[in-house]
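The exercises below ask the reader to derive features of a fold from a set of coordinates. Each task is followed by a solution in steps.

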Amino acid sequence: MGAAALATSSAESSAPGKPVRVGVLALQGAFREHRAALARAGAETREVRRPAHLSGLDGLVIPGGESSTIVKLMRAYDLDAAIRAFAADGGAVWGTCAGAIVVAAGIDGHPEQPRLGLIDLAVERNAYGRQVASFEADLDVDGWSEPFRAVFIRAPRITGVGPAVRVLARHDGVPVAARAGAVTVTVFHPELSGDDRWHADFVARCGSTERTEQPPRA
Ligand code: GLN
């Protein structure tokens, strides 16, 4: 699949009658807000707490929260291996804030923190300051005509991206949204903006994946 533009046209969405099914990892953090935004974007949503909950999903959102807690709980429920298998099978994955840390390949200064390593980029946790230093900023997003007002809450900073990773938005020159294949990261909280464009984009991408036409993995 080529690098589809953001805000994909509805022509690329799933066939009529087949709803796009998106799960939200619901171990800890801001999963309710994501579910509501995904539902407004037309997806059928489900909370994911066990590996079996991934079955039949087109996409998975890993929300903001506390990444060290999320990975601990993922390990406890065998969700780490299950999510890796889901992604390897072509399932779309979107990590926001702590979720971006969870899917990253590298975490600066915390080599011991488990992570899924689904996207070739490195992050530094809490690099934008403490909770009180949370802020909002207008972002120019690749392919969008209007800026997106992003909410940053103790956001990780993306400190490096691999050659196959496409940067979708920057703040002060630093990447804050990126994508490689079916894996997307945003270091801000798009579910708190009252602007559902990121969710609509993800739902459209989930609907345009062709998982069922891929040969089964050995
Ligand atoms: N600072 C958190 C972490 O390191 C992320 C913050 C968030 O998701 N809002 O996991």
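The exercises that follow concern a predicted model.

**Exercise 1. The seven-stranded sheet**

Determine the strand order of the open sheet formed by 7 strands, and identify which strands stand at its edges.

Solution.
- Step 1. Following the pairings across the sheet gives the order β2-β1-β3-β4-β12-β11-β10, with mixed pairing.
- Step 2. β2 (44-48) and β10 (166-171) each have a single partner strand, so one side of each is left without a neighbour in the sheet; these two strands stand at the edges.
- Step 3. Disregarding direction, neighbouring strands in this sheet are turned against each other by 20° on average.
- Step 4. At the β2 edge, strand β1 (residues 21-25) runs parallel to β2 and is joined to β2 by 5 bridges. Within this pair, R21 is placed opposite E44 of β2.

**Exercise 2. Helices and the nonpolar core**

State which strands of the sheet α5 touches, and which helix gives the most residues to the largest nonpolar core.

Solution.
- Step 1. α5 packs on the seven-stranded sheet, where its contacts are with β1, β3 (59-62), β4 (92-96) and β12 (183-186). The directions of α5 and β4 make an angle of about 160°.
- Step 2. The largest nonpolar core comprises 62 residues, and L60, V93, V103 and V203 have the most contacts inside it.
- Step 3. The greatest contribution to this core comes from helix α5 (residues 197-208), which supplies 6 residues.
- Step 4. For V203, once neighbours within four places in sequence are set aside, the contacts are V20, V22, L38, A41, G42 and A43.
- Step 5. L38 also belongs to the buried residues of helix α1 (residues 31-40), together with F31, H34, R35 and A37. The buried residues of α1 pack against β1, β2, β3 and α5.
- Step 6. G42, another contact of V203, follows α1 and has a positive phi near 100°.
- Step 7. As a general point, nonpolar side chains tend to be buried together in soluble globular proteins.

**Exercise 3. The three-stranded sheet**

Describe the open sheet of 3 strands and assign the residues of β6 to a covered and an uncovered face.

Solution.
- Step 1. The order is β5-β6-β9 and the pairing is mixed. β5 and β9 are the edge strands, each pairing on one side only. From one strand to the next, the twist averages 35°.
- Step 2. Strand β5 (residues 104-107) and β6 run parallel and share 3 bridges. A104 lies opposite I119 of β6, and I107 lies opposite V123 of β6.
- Step 3. Strand β9 (residues 157-161) pairs with β6 in the antiparallel sense over 4 bridges. Here E124 faces R157 of β9.
- Step 4. Side chains in a regular strand alternate between the two faces of the sheet. In β6 (residues 119-124), I119, L121 and V123 form the covered face, while D120, A122 and E124 form the uncovered one.

**Exercise 4. The ligand shell**

List the residues surrounding the ligand and classify the shell as nonpolar, polar and charged.

Solution.
- Step 1. The ligand is surrounded by G64, G65, E66, S67, C97, A98, I101, R125, N126, I153 and R154.
- Step 2. Classification of this shell yields 4 nonpolar, 4 polar and 3 charged residues.

Methods:
Residues are numbered from 1 along each chain as its sequence is written. This is a predicted model: local features need pLDDT of at least 70, side-chain atom pairs count only at pLDDT 80 or more; totals for chains, interfaces and linings use all residues. A residue is near a molecule or strand if its C-beta atom, placed from the backbone, lies within 6 Å of it. Ala, Val, Leu, Ile, Met, Phe, Trp, Tyr, Cys and Pro count as nonpolar, Asp, Glu, Lys and Arg as charged, and the others, Gly among them, as polar. A nonpolar core is a set of buried Ala, Val, Leu, Ile, Met, Phe, Trp, Tyr and Cys residues joined through C-beta atoms within 7 Å. A residue is buried if 20 or more other C-beta atoms lie within 10 Å of its own, exposed if 12 or fewer, and partly exposed in between; C-beta atoms are placed from the backbone. Two residues are in contact if their C-beta atoms, placed from the backbone, lie within 7 Å. Two strands pair if DSSP finds at least two bridges between them. Axes are lines fitted to C-alpha atoms, for helices over the stretch in contact, and angles run from 0 to 180 degrees between N-to-C directions.
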